[in-house]
Amino acid sequence: MKRVSLVLIALCLLAAAGIAETLDISALQGAEEAALISEAPWEYPLPYELLEDNDYIVLANKTHLLDEQYIPPDLVKLKCRKISSDPIQMREAASEALSEMFDAAKEQGITLYAHSGYRSYRTQKTMYYNRLKKNNGKDDGVVAYPGSSDHQTGLGIDVINKAGIGKRFTSAFADTKEGKWIAENCWRFGFIIRYQKEKEELTEITYEPWHLRYVGVQVAEYIRDQGQCLEEFTAEWQAAVAAYKAAGIQ
Ligand SMILES: [Zn+2]
């Protein structure tokens, strides 16, 4: 009997120690969270949750190459007006936003056509090397290097007007009523003009008023208001997140 009660006491002590340990850990965690909040207030104009783990703001360029294996998770066929009979694919949210934009444009007498959406790494690679061959082995910047194309994200889309069908795309599209409408309104549907004229040095891509990129409405509005390109926006929000995290660890 004596032995049993000793064992019981020992068990009780162990259990008490276990509870104390649990309490200590949770108290510590609470303190850590409090420190994170008080030492590092989130002051960036967009919510933290909107930026972390948001794959709609992925950057693809010569210094941020997408993986050869990267295929966007939720590609769907576009339902909006398009110029070719071949299906065009985009990520679901981008496809829906594009349809909404085309409908809104149509209501104002503007007819838009989707031309080229998602492009696989392999397709881009073929296009790139074909262009090199045509251009005596020189990269003239017209076709993006494999992995650097915004089209591989499944969020980029070339949009043109009827007059542009079958013709080479030129920056003159910006002066058409369709081009003007897009520049003015695309942000309302979550799109930005990915390659702006005044940002050529940063994007390293010549002005493409027809190439839209879906980033979501909140981000598109912010980028438009700030007059940024995606490269600038990415550097800015990533610095804000890094500073926030660093301050939280102190
Ligand atoms: Zn494009």
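This is a short walk through one structure, stop by stop, with something to select each time.

Before you click, know that this is a predicted model: local features need pLDDT of at least 70, side-chain atom pairs count only at pLDDT 80 or more, and totals for chains, interfaces and linings use all residues. Residues are numbered from 1 along each chain as its sequence is written.

**Stop 1: the sheet**

Select β3, β4, β5 and β6. Strands here are DSSP runs of E with at least two residues, helices are runs of H or I with at least four residues, and both are numbered from the N terminus. You're looking at an open sheet of four strands in the order β3-β4-β6-β5, paired antiparallel. Which strands stand at the edges? They are β3 (113–116) and β5, each with a single partner strand, so one side of each has no neighbour in the sheet. From one strand to the next, the twist averages 45°; such angles run from 0 to 180 degrees between N-to-C directions, with axes being lines fitted to C-alpha atoms, for helices over the stretch in contact.

Strands count as paired if DSSP finds at least two bridges between them. Now zoom in on β3 and β4: three bridges join these antiparallel strands. Pick S116 and you'll find its bridge partner, D158, in β4.

At the other edge, β5 and β6 run antiparallel and pair over four bridges. Try Y195, which stands opposite E208 in β6. Then colour β5 (residues 191–195): five of its five residues are buried, so this strand is largely enclosed by the rest of the structure. Buried means 20 or more other C-beta atoms within 10 Å of the residue's own, exposed means 12 or fewer, and partly exposed is in between, with C-beta atoms placed from the backbone.

**Stop 2: the helix on the sheet**

Next, select α3 (residues 92–107). Its end C-alpha atoms are 23 Å apart, which agrees with the 22 Å that its 16 residues should span at 1.5 Å a residue; the expected span is 1.5 Å times one less than the number of residues. Now highlight the buried residues of α3: A94, S95, A97, L98, M101, F102 and A105. They cover an arc of only 165° around the axis, which puts them on the same side of α3. That arc is taken from the directions from the helix axis to the C-beta atoms. Just past the helix, click G109, which follows α3 and has a positive phi near 80°.

**Stop 3: α4 and the loop after it**

Move on to α4, a helix of 14 residues that reaches 20 Å from its first C-alpha to its last, close to the 20 Å expected. After α4 comes N136, with a positive phi near 55°. N136 sits in the loop between α4 and β4. Is N136 buried or exposed? It is exposed, because just 7 other C-beta atoms lie within 10 Å.

Stay in the loop between α4 (121–134) and β4 (156–160) and click V143. V143 is partly exposed, with 18 other C-beta atoms within 10 Å. Leaving out residues up to four places away in sequence, V143 touches M127, Y128 and R131; contact means C-beta atoms, placed from the backbone, within 7 Å.

**Last stop: E204**

Finally, select E204, in the loop between α6 (200–203) and β6 (208–214). Its phi is near 60°, a positive value in a residue other than glycine. E204 is partly exposed, with 16 other C-beta atoms within 10 Å.

Methods. Two residues are in contact if their C-beta atoms, placed from the backbone, lie within 7 Å.
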